[in-house]
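Q: Please choose a single part of this model and look at it closely with me, then show how it fits into the rest of the chain. I would like the answer to go step by step, with the reasoning spelled out.

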Amino acid sequence: MFDYDVCVVGGGPSGVICAYSIAKAGYKCIILDKKPRELIGDKNCGDALDGTHTDLLKEKLGIELPSLKKGEARDLIKTVTIAAGRLENNLSAQTPGHLVNRLIYGQRLLKDAEKLGAEIRPNSTVRGLIIEDNQIVGVEYFSKEGQKHQIKAKITVDASGITGVVRKHIPVKLKQ
């Protein structure tokens, strides 16, 4: 018996947009994130969003563009420059987009996903997988109070970023 159709681990933009699209399609999903609710979406990098992607999210999913008026975007940009090491070692691309406030924009995306039916479970630190018959069928996590919980889902999505919370727990036999 499954608790959810999809369990998304990580409440950053990719996890929330994943949950948004799943909930919009009518499936039961949950987002687990280790941060408190009011800090989900806050991150100190990745604040420049290529307009191609935000336009695509609006066209395909109905996700509104980051708003300057609401403080979700700090500025519109025309060029993105990536510098490595010394500042003269850089690469620029002419691409319109938005310079976003990660927390404000992330919180709006979270609320939009929740309005569509995605459940949000903050303060949830995923620490293991539930494996049955050589299939991942859920995750084990700890609440803020330190209590261990389990969620079973038909699909588990690892949107935890570089930490790879789910990926690092996949047994070698399932990776082959």
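A: Two strands are said to pair if DSSP finds at least two bridges between them. With that in mind, the part to look at is strand S8 with its neighbours, in what is a predicted model. S8 and strand S9, which covers residues 148-158, pair in the antiparallel sense over five bridges. They form a hairpin with five residues between them, and Gly146 in the turn has a positive phi of about 90 degrees. To find this pairing in the picture, start from Glu140, whose bridge partner in S9 is Gln150.

S8 also pairs with strand S7: seven bridges join S7 (residues 125-132) to S8 (residues 135-142), and these strands again run antiparallel. Here Ile130 stands opposite Gly138 in S8, which gives a second place to check by eye. S7 and S8 form a hairpin as well, this one with two residues between the strands. The loop between S7 and S8 contains Asp133, which has a positive phi of about 50 degrees although it is not a glycine. Asp133 counts as exposed because its relative accessibility of 75% is over the 50% cut-off.

A little earlier in the chain, the loop between strand S6 (119-121) and S7 holds Asn123. Asn123 is not a glycine either, yet its phi is positive, at about 55 degrees. Its relative accessibility is 22%, so Asn123 counts as partly exposed, lying between the limits of 20% and 50%. Around S6 there is also a salt bridge, formed by Arg121 and Glu119, whose closest N and O atoms are 2.6 Å apart. Arg121 is partly exposed, with a relative accessible area of 24%, and Glu119 counts as partly exposed too, at 29%.

At the other side of this part, Asp158 forms a salt bridge with Arg167, and their closest N and O atoms are 3.3 Å apart. Asp158 has a relative accessibility of 18%, so it counts as buried, being under 20%. Arg167, at 39%, is partly exposed. Elsewhere, salt bridges that share partners join Glu72, Arg108 and Asp112 into one network. The structure holds eleven salt bridges in total.

For a comparison, it helps to turn to strands S4 and S5. Nine bridges join S4 to S5 (residues 90-100), and the two run antiparallel. In the hairpin of S4 and S5, six residues lie between the strands, and Gly85 takes a positive phi near 70 degrees. A pair to look for is Val80 and Ala93, the latter being the bridge partner of Val80 in S5. Ile77 has its place in S4 and counts as buried because its relative accessibility is 16%, under the 20% limit. The C-alpha atoms of Ile77 and Asn90, which are 13 residues apart along the chain, are separated by 17 Å. As a general point for following strands by eye, side chains in a regular strand alternate between the two faces of the sheet.

S4 also takes part in a salt bridge: Arg74 forms one with Asp47, with the closest N and O atoms 2.6 Å apart. Because Arg74 lies in S4 and Asp47 in the loop between strand S2 (29-32) and strand S3 (48-50), this pair ties together parts that are 27 residues apart in sequence. Arg74 is partly exposed, with a relative accessible area of 46%, and Asp47 is partly exposed as well, at 27%.

The loop between helix H2 (51-61) and S4 (73-83) contains Lys70, which counts as exposed because its relative accessibility is 64%. Together with Lys69, Lys111 and Lys115, Lys70 forms a positive surface patch.

Finally, it is useful to step back to the whole chain. The protein chain has four helices and nine strands, and from the N terminus on its elements run β-α-β-β-α-β-β-α-β-β-β-β-α. Buried residues make up 38% of the 176 residues. The C-alpha trace spans about 50 × 40 × 30 Å along its principal axes. Within that frame, S8 can be found again by its seven bridges to S7 and its five bridges to S9.

Terms used: Residues are numbered from 1 along each chain as its sequence is written. This is a predicted model: local features need pLDDT of at least 70, side-chain atom pairs count only at pLDDT 80 or more; totals for chains, interfaces and linings use all residues. Side-chain values use heavy atoms; hydrogens and water are left out. Patches are made of residues with over 30% relative accessible area and no salt bridge: like charges are joined within 9 Å, nonpolar side chains (Val, Leu, Ile, Met, Phe, Trp, Tyr) within 5 Å. Accessible areas come from the Shrake-Rupley method with a 1.4 Å probe; for residues, only the protein chains shown count as cover. A salt bridge is a side-chain nitrogen of Lys or Arg within 4 Å of a carboxyl oxygen of Asp or Glu. Lys and Arg count as positive and Asp and Glu as negative; His and the chain ends are not counted. The place of a charge is taken as NZ of Lys, CZ of Arg, CG of Asp or CD of Glu. Buried means under 20% relative accessible area, exposed over 50%, partly exposed in between (1.4 Å probe, protein chains only).
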